[in-house]
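Got a structure open and wondering where the labels come from? Let's go through some of them one at a time.

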Amino acid sequence: MMGMSQSGRTASVCCGILATAFILYGCKPERIAAPMSELPDLRGDWAYSATEIRVKGGNLPEECRIDGMRLTFGDWESKGLFGRSSGGQMLCSGTLASLSGQLPAYPIRDGGSVAQHFSFSIGTSDWLHTGFITHDTVQTVVGGDTVRSLLFTDTLRGTFTLRSNGADFLGNYRAVRLTRGP
Amino acid sequence: MLKPILPIALCFLAACDPCSGLGSCGAPRVRYEGTLSQAFGSRGPASGIAVRFVRTGGVMLDVDTVRARSDEDGRFLLEAEARSEGEVVGDLLISPPAPLETVRIPGIRLVTSRASGELRTLADLPIPFPHFAHQARVFYRATGQPAVGVEVEFRRTGGITVEPDTFRLTVDERGFVILRPRTREFGELIGDLVVYPLPPHRQFTVRGVRLTTRTTAQSAPIVQIGIGARLPYAAIVVSAADGKGVAGVVLEFRRTSGIPISPDPFVFSSSDASGTLFLDPAPLESGEVRGDVTLRPPPPYETVVLRDVRLQTTEDDRAYQLLGYFAVPLADSVKADR
């Protein structure tokens with residue numbers, strides 16, 4: 001050993017470093033990727049409309065609809081998703097015409113999600129929305145070159161039940177994302 | 001020879017002095033911080049309250065009365081120089097807003113200190129303070145159920161000043177909102193309550209709500225707020241043969257005109273032993289609804305149809321109105337047998 005040449009000593013040191021590196025690599029925990037949130041990012045403003053609003057269990061042919069309502073979702077909190085609605089008017093026909101009118105601002109509460117399915121309430125838990133989120137993709141090819149622009153339009157669709165002063169309503173709704181982020 | 005010993009001797013001497021060590025030392029003084037809180041209501045801080053410490057014994061202070069005022073967090077600072085070290089005894093006088101009387105706490109003992117910046121703490125002192133103890137009960141008239149989750153906004157229109165003067169609350173699981181704005185005054189607050197129910201009911205305002213401050217744990221009247229209207233009707237079905245009540249009758253109300261109701265048709269099943277039925281569909285708005293009532297009794301009675309029955313909504317808590325006594329005849333086959 002005492003007679004080992006300079007190059008031999010260097011080789012030994014390199015081997016040692018390599019061996020240590022291999023050992024350390026072996027001890028290294030398996031790489032864990034950041035947990036991917038299963039909750040869809042709904043933050044931002046959405047244009048909300050509801051159609052085919054009918055009195056449950058009734059024989060009234062007339063319907064109502066809601067136009068011009070905006071939903072603003074915040075971030076997911078420990079108790080779910082919260083936000084606020086603004087604007088909107090209820091428009092009814094026939095016998096229900098007198099129910100037409102402007103809607104006040106309501107809190108959005110109790111938002112929950114499993115995969116693409118989610119639920120939330122507007123105003124109170126008596127106006128419960130369930131549905132799913134879709135991401136519509138639009139592909140544009142410009143000229144002969146392969147130039148593609150992909151536009152994602154997030155849409156919430158589903159049904160709701162509304163109970164107000166003992167009266168039950170059913171309806172369909174749709175909300176299209178207007179803006180992203182807080 | 002003495003040079004090396006001198007610093008050591010000084011250290012020993014300094015250790016005997018309570019003012020030794022880091023920091024400086026000054027004249028003896030009392031410096032105490034206390035907190036005033038509201039004894040009732042929100043139990044929040046009692047701010048803007050005059051506090052006096054009046055010496056009655058012990059070491060002399062440079063003033064006989066030490067004055068302070070509680071800040072936004074209810075904290076106050078009693079600070080004065082003392083003529084000597086020791087304990088000063090006195091009464092603490094706390095003056096809540098008029099007409100509440102001054103609270104006197106005798107025998108308060110404050111210990112002097114010479115350490116600069118030393119702050120001692122008095123206990124948290126709950127005092128009578130004007131507060132609101134009012135609640136509003138918000139419910140659906142048609143069902144009597146609490147309107148859980150509905151928002152209610154209070155807007156001050158007059159009376160004593162409160163903070164904030166406009167605030168929004170959410171009806172809790174019991175159907176109540178607690179109206180508890182902060183105030184430093186004693187008196188009456190006047191305001192409007194704006195209710196934001198779910199559609200198809202529109203927002204409405206209960207005007208001129210009057211709230212009077214309380215100073216004890218005494219409860220206050222509850223403001224009752226009903227959402228929507230109701231149709232509180234009842235009917236009694238009797239046998240045409242003997243006038244006795246008929247049990248098991250099914251009532252159906254089929255709307256022909258007027259305000260929409262839910263459900264439509266409305267069905268009640270079924271009458272009790274005395275023949276009592278309830279006709280109370282949920283009205284979607286206020287007004288009159290007209291329709292046909294069908295009474296379907298069990299055999300051996302015949303079905304009866306009442307045409308163009310008119311029902312008028314009410315927006316109060318009155319008892320059920322009796323639509324009438326309705327006699328159902330025996331079926332012809334039964335009559336023939338008899």
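What follows is a set of questions and answers on this predicted model.

Q: Why is B:Ser37 called buried or exposed, whichever applies?
A: Its relative accessible area is 11%. The cut-off for buried is under 20%, so B:Ser37 counts as buried. The residue lies in strand β1 of chain B, which covers residues 25–38.

Q: What does B:Ser37 touch, leaving out residues up to four places away in sequence?
A: You'll find B:Arg43, B:Gly44, B:Pro45 and B:Ala46, along with B:Asp124, B:Leu125, B:Pro126 and B:Ile127.

Q: What makes A:Asp45 buried, given that it is an Asp?
A: The label rests on the number: A:Asp45 has 16% relative accessibility. Buried means under 20%, so A:Asp45 makes the cut. Its place is in strand β1 of chain A, residues 44–55. Beyond four places in sequence, A:Asp45 touches A:Arg70, A:Leu71 and A:Thr72, and also A:Val176, A:Arg177, A:Leu178 and A:Thr179.

Q: Why does B:Val54 get the label partly exposed?
A: B:Val54 comes out at 25% relative accessible area. Buried needs under 20% and exposed needs over 50%, so B:Val54 falls in between and is partly exposed. You can find B:Val54 in strand β2 of chain B.

Q: Which residues is B:Val54 in contact with, and how far is it from B:Phe132?
A: Setting aside neighbours within four places, B:Val54 contacts B:Asp64, B:Thr65, B:Val89, B:Gly90, B:Asp91 and B:Leu93. The C-alpha atoms of B:Val54 and B:Phe132 are separated by 32 Å, and the two residues are 78 apart along the chain.

Q: How do you know whether B:Leu211 is buried or exposed?
A: Check the relative accessible area again: B:Leu211 has 1%. With the limit for buried at under 20%, B:Leu211 is therefore buried. This residue sits in strand β14 of chain B, residues 204–212.

Q: What is around B:Leu211?
A: Not counting neighbours within four places, B:Leu211 is in contact with B:Phe132, B:His134, B:Phe154, B:Leu179, B:Gly187, B:Glu188 and B:Leu189. As for B:Ile160, 51 residues apart from B:Leu211 along the chain, the C-alpha atoms of the pair are separated by 9.9 Å.

Q: What makes strand β5 of chain B mostly covered?
A: In β5(B), residues 87–95, 7 of the 9 residues are buried. Each of those residues has to be under 20% relative accessible area, because that is what buried means.

Q: Why is β5(B) said to pair with β2(B) and with β6(B)?
A: Pairing takes at least two bridges. There are 8 bridges between β2(B), residues 50–58, and β5(B), and 7 between β5(B) and β6(B), residues 103–111, so both pairs qualify. β2(B) and β5(B) run antiparallel, and so do β5(B) and β6(B). To spot the pairs on screen, look for B:Val51 opposite B:Ile94 in β5(B), and B:Leu92 opposite B:Ile105 in β6(B).

Q: Why is the pair A:Arg84 and B:Glu151 called a salt bridge?
A: The closest N and O atoms of A:Arg84 and B:Glu151 are 2.7 Å apart. The limit is within 4 Å, between a side-chain nitrogen of Lys or Arg and a carboxyl oxygen of Asp or Glu, so this pair meets it. The count between chain B and chain A is 1 salt bridge, next to 11 residue pairs in polar contact. Among the elements of chain B on the side that touches chain A, β17(B) gives the largest share, with 3 residues.

Q: How many residues are in contact between chain B and chain A, and what area is buried there?
A: 34 residues of chain B are in contact with 33 residues of chain A. The area buried is about 2400 Å², with carbon and sulfur atoms giving 54%. On chain B's side, B:Leu198, B:Pro199 and B:Arg202 lose the most area, together 26% of what that side buries.

Q: What is chain A made of, and what part of it is buried?
A: Chain A has 1 helix and 9 strands. Buried residues make up 34% of its 182 residues.

Key
Residues numbered from 1 in each chain as written. Chains lettered and ligands numbered in written order. Predicted model: local features only at pLDDT ≥ 70, side-chain atom pairs only at ≥ 80, totals over all residues. Heavy atoms only, no water. Contact = heavy atoms within 4.5 Å. Buried area = accessible area lost by both parts, 1.4 Å probe. Polar contact = N/O pair within 3.5 Å; in protein donor to acceptor, adjacent residues only side chain to side chain. Helix = DSSP H or I, 4+ residues; strand = E, 2+ residues; numbered from the N terminus. Buried < 20%, exposed > 50% of the residue type's maximum accessible area, 1.4 Å probe, protein only.
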